[in-house]
Amino acid sequence: MNTVVVGTQWGDEGKGKIIDSLAKKVDAVVRFQGGNNTGHTVIVNGEKFIFHLIPSGILYSEKKCIVGNGVVIDPGVLLKEIEELQERGVKLDNFYLSGNAHVIMPYHKKLEEIEEERRGKMRIGTTRKGVGPAYADKIARRGIRVSDLLKKEVLLNKLRMNLKFWKEFLNSEFSCEKIWKQYLDYGKRLRKYIIDTSLLIHKLIQEKKNILFEGAQGTLLDIDYGTYPYVTSSNSVAGGVCAGAGIGPTCIDKVIGVTKAYVTRVGEGPFPTEVRGEIENILRERGKEYGSTTHRSRRCGWFDGVILRYAARVNGLDELVLTKLDVLDSFERIKICVAYKYGKRIIRDFPFQSFMWEKVEPVYEEMEGWRKDTSSLRNFKDLPLRAREYLKKIEEIGGIPIRLLSIGPQRGELLSID
Ligand code: GDP
Ligand code: IMO
Ligand code: MG
């Protein structure tokens, strides 16, 4: 059984926690897109792990954790993540890195900084990890791949070409020789992990192993389906798996969407159900909505059914996992957006024209809150009636069932729904 897990909103839906939980029953966990703009949190017995490049299944030593060709790698960040995990007793014997993944170079971070500054008011609010420029170089066919770090001459030639290409933008702070030596050293230290991951995944599929594909970011941050240009630079929808891990669509058995019981967004861009003031503060404080990667405050808003329906469609979702329901425990009334209003028109499908995103008004249905603590529950049958009604409404809007409910940040704080 091969399962894809994706975020249905603007990222940070709680994917890390869910991947860790689902990983218990699989043989391998595979990242297929994104880079260290990702921050996936897993908390086990009070110990917190935030994964940026390493798949969130790594806490189970016997599972294969694979970073596919669709991911962009900052090798310094990856090595630091590996070392820090090893210091904490996590084994990386089953970690594999694609030789075809592209590399984030020091000038990518600088280029991103320059671009964000030049954009001024139109800045994206990126994580400034160099992810966008690395993907841009990949598409422009001048990118450097992980396997190039193992070949002295190849690396030098590609590096020279790239530095020449970007010369007008970069001042002399980038020494070709210095970067070359540093990245050759990274290559040496990563060599033991580098393989043809597509081939490994293919073998696992042939052996009928269970694989989990770990999506990063979220549907509305996807380069094609998201709120462009306020998006990330990769395909974070389920379709990204095929190109980013090297498998065919016929190999995917199930697609799960992780959806938060409300919505958050980091960085700039449209957000129809965004709220300000007291409600925003409650959501942010109870939900601890501060970035796992950049520590920025996350913007907060009510649940948006229009984007859920959209995510269900463009990802082909089979089922949902609803996270952070406990964050809504104290509300007297809870709003849920069922459609948008554009002028006098009611819109049920997420508009494809970007000029509408800033102008639509959410149409809310209001529900009474359950005002009971759900975080201590251990059985779905004990869930307050009004909370069940909230779940039912979400299922109705999305047209897909919720199979798992998360009511706390710790591993195990989950209720399965049959
Ligand atoms: P990801 O990027 O989708 O993996 O999400 P993040 O890890 O960036 O952000 C989710 C945050 O919510 C993390 O701090 C998690 O520990 C936390 N979290 C996950 N699930 C729950 C939940 O059900 N309840 C609460 N209160 N927190 C949760
Ligand atoms: P996870 O996997 C939330 C956002 C950034 C910015 C936009 C572009 O933890 O859910 P980028 O650095 O990717 O070029 O930034 O995308 N962004 C995320 N927001 N969660 C993430 O990942 C994100 N990765 C990128 O804030 O708005
Ligand atoms: Mg995150």
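**Exercise 1.** Which helix and which strand each supply at least two residues of the shell around ligand 1?

*Solution.* Keep in mind that you're looking at a predicted model. Start with the elements: α1 (15-23) and β3 (40-44) each give the shell at least two residues. Next, go up to the domains. At least three shell residues come from domain 1 (2-100 + 193-255), and at least three from domain 3 (259-416). Finally, sort the shell by residue type: you get 4 nonpolar, 8 polar and 7 charged residues.

**Exercise 2.** Find the residues that come nearest to ligand 1, then look at its polar contacts.

*Solution.* First, the shell has 19 residues, and the nearest are K15, T41, S292, D326 and S406. Now zoom in on oxygen atoms of the ligand. T41 puts a polar side-chain atom 2.5 Å from one, and S292 has a polar side-chain atom 2.8 Å from an oxygen of ligand 1. With G408, look at the backbone instead: an N or O atom there is 3.1 Å from a ligand oxygen. Then check the cover: ligand 1 taken alone exposes 590 Å², and the protein buries 94% of that. As for the space ligand 1 takes up, that's the second largest pocket.

**Exercise 3.** Track down a cis peptide bond and a residue with positive phi that isn't a glycine.

*Solution.* For the cis bond, go from Y228 to P229, where omega is near 5°. You'll find P229 in the loop that runs between β10 (211-214) and α8 (240-245). For the positive phi, pick N45, at about 50°. N45 sits in the loop between β3 and β4 (47-51).

Key. Residues are numbered from 1 along each chain as its sequence is written. Chains are lettered from A and ligands numbered from 1 in the order in which they are written. This is a predicted model: local features need pLDDT of at least 70, side-chain atom pairs count only at pLDDT 80 or more; totals for chains, interfaces and linings use all residues. Side-chain values use heavy atoms; hydrogens and water are left out. A residue is near a molecule or strand if one of its heavy atoms lies within 4 Å of it. A polar contact is a pair of N or O atoms within 3.5 Å; within protein, one must be able to donate a hydrogen and the other to accept it, and residues adjacent in sequence count only if both atoms are side-chain atoms. Accessible areas come from the Shrake-Rupley method with a 1.4 Å probe; for residues, only the protein chains shown count as cover. On a 1 Å grid over the protein atoms alone, a cavity is a set of points where a 1.4 Å probe fits but cannot get out, and a pocket is an open set with protein on both sides within 12 Å along at least five of seven lines; lining residues have an atom within 4 Å of a point. A molecule sits in a cavity or pocket if more than half of its atoms lie within 2 Å of its grid points. Helices (H or I, at least four residues) and strands (E, at least two) are DSSP runs, numbered from the N terminus. Ala, Val, Leu, Ile, Met, Phe, Trp, Tyr, Cys and Pro count as nonpolar, Asp, Glu, Lys and Arg as charged, and the others, Gly among them, as polar. Domain bounds come from an automatic or database domain assignment.
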